[in-house]
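Trainee: I am new to this structure. Please take one part and look at it closely with me. Short sentences would help.

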Amino acid sequence: MVTFQSRLGNDKWMEPYTDETLESIGKKGVKNLAIVCPAFVSDCLETLEEISVEGKEQFLHGGGENFHYIPCLNDEDRWIEVVKTLCEEKLNEFYLV
């Protein structure tokens with residue numbers, strides 16, 4: 001399931017909203033949830049607060065029992081190697097031109 005986290009004030013945003021979804025799926029009987037925020041490559045304070053803290057509370061309040069936030073890639077060695085490889089490839093292209 002894909003939901004959308006960010007909203008500004010009362011302006012309509014892309015739906016379904018993450019906060020509303022977290023509570024509603026708990027009410028629908030979902031007991032276990034693993035959640036990841038794939039739009040980021042590193043955890044940011046806003047996402048950690050809104051998803052792993054507030055989102056967990058919303059899910060549990062709705063009746064869920066087990067909430068697991070899957071962290072972003074952050075400084076995972078394999079991710080750093082991917083970034084390094086991409087940079088080297090682009091630099092090689094640049095210097096070959």
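Mentor: Start with Thr47 and its contacts. Leaving aside residues up to four places away in sequence, Thr47 touches Gln5, Cys37, Phe40, Ser52 and Tyr69. This is a predicted model, so read every value as computed from it. Thr47 sits in helix α2, which covers residues 45–61. Is Thr47 buried or exposed? Its relative accessibility is 2%. The limit for buried is under 20%, so Thr47 counts as buried.

Now take the helix itself. α2 has 17 residues. From its first C-alpha to its last it reaches 22 Å, close to the 24 Å expected at 1.5 Å a residue. Where does α2 bend? The place is Gly55, and the bend is about 35 degrees. Gly55 is also one of the buried residues of α2. The others named with it are Thr47, Ile51, Ser52 and Phe59. Why might such a set recur along a helix? An α-helix has 3.6 residues a turn, so residues three or four places apart point the same way. What do the buried residues of α2 pack against? They pack against α1 (18–27), β1 and β2.

Other residues of α2 have other surroundings. Glu57 belongs to this helix too. Its relative accessibility is 53%. Exposed means over 50%, so Glu57 counts as exposed. Glu57 and Phe67 are ten residues apart in sequence, and their C-alpha atoms are 9.1 Å apart in space. Next comes Gln58, again in α2. At 21% relative accessibility, Gln58 is partly exposed. Gln58 touches Asp19, Leu22 and Glu23, residues up to four places away in sequence not counted. Gln58 and Val30 are 28 residues apart in sequence, with 13 Å between their C-alpha atoms.

Then look at Phe59. Its relative accessible area is 0%, so Phe59 is buried. Which ring does Phe59 pair with? The structure holds two aromatic pairs. In one of them, Phe59 pairs with Phe67. A pair of aromatic rings is described by the distance of the centres and the angle of the planes. For Phe59 and Phe67 these are 6.2 Å centre to centre and 50 degrees between the planes, and the pair is tilted. Phe67 has a relative accessible area of 13%, so this residue is buried as well. Phe94 and Tyr95 also form an aromatic pair. Their rings are 5.2 Å apart, centre to centre, with 75 degrees between the planes, and the pair is edge-to-face. Both Phe94 and Tyr95 are exposed.

Just after α2 comes Gly63, with a positive phi of about 120 degrees.

Now the strands. In a regular strand the side chains alternate between the two faces of the sheet. Strand β1 covers residues 32–36, and its side chains alternate. Leu33 and Ile35 point to one face and are buried. Asn32, Ala34 and Val36 point to the other face and are not buried. The side chains of β2 alternate as well. Here Phe67 and Tyr69 point to one face and are buried. Asn66, His68 and Ile70 point to the other face and are not. So Phe67, buried at 13%, is on the buried face of β2. Tyr69, on that face too, is one of the residues that Thr47 touches.

How many bridges join β1 to β2? There are five, and the two strands run parallel. β2 covers residues 66–70. The chain passes from β1 through α2 to β2, and this β-α-β crossover is right-handed. Two facing positions are worth finding on screen. Ile35 has Tyr69 as its bridge partner in β2. Val36 stands opposite Ile70 in β2.

Two backbone details finish the tour. In the loop between β2 and α3 (77–96) lies Asn74. Its phi is positive, about 45 degrees, although Asn74 is not a glycine. At 28% relative accessibility, Asn74 counts as partly exposed. The other detail is a cis peptide bond, from Glu15 to Pro16, with omega near 5 degrees. Pro16 lies in the segment before α1.

Terms used:
Residues are numbered from 1 along each chain as its sequence is written. This is a predicted model: local features need pLDDT of at least 70, side-chain atom pairs count only at pLDDT 80 or more; totals for chains, interfaces and linings use all residues. Side-chain values use heavy atoms; hydrogens and water are left out. Helices (H or I, at least four residues) and strands (E, at least two) are DSSP runs, numbered from the N terminus. Buried means under 20% relative accessible area, exposed over 50%, partly exposed in between (1.4 Å probe, protein chains only). Contact means heavy atoms within 4.5 Å. Two strands pair if DSSP finds at least two bridges between them. A crossover is right-handed if, with the strands pointing away from the viewer, the path from the first strand over the helix to the second runs clockwise. Rings of Phe, Tyr and Trp (its six-membered ring) pair if their centres lie within 6.5 Å; planes under 30 degrees apart count as stacked, over 60 as edge-to-face and the rest as tilted. The expected span of a helix is 1.5 Å times one less than its number of residues. The bend at a residue is the angle between axes fitted to the seven residues ending there and the seven starting there.
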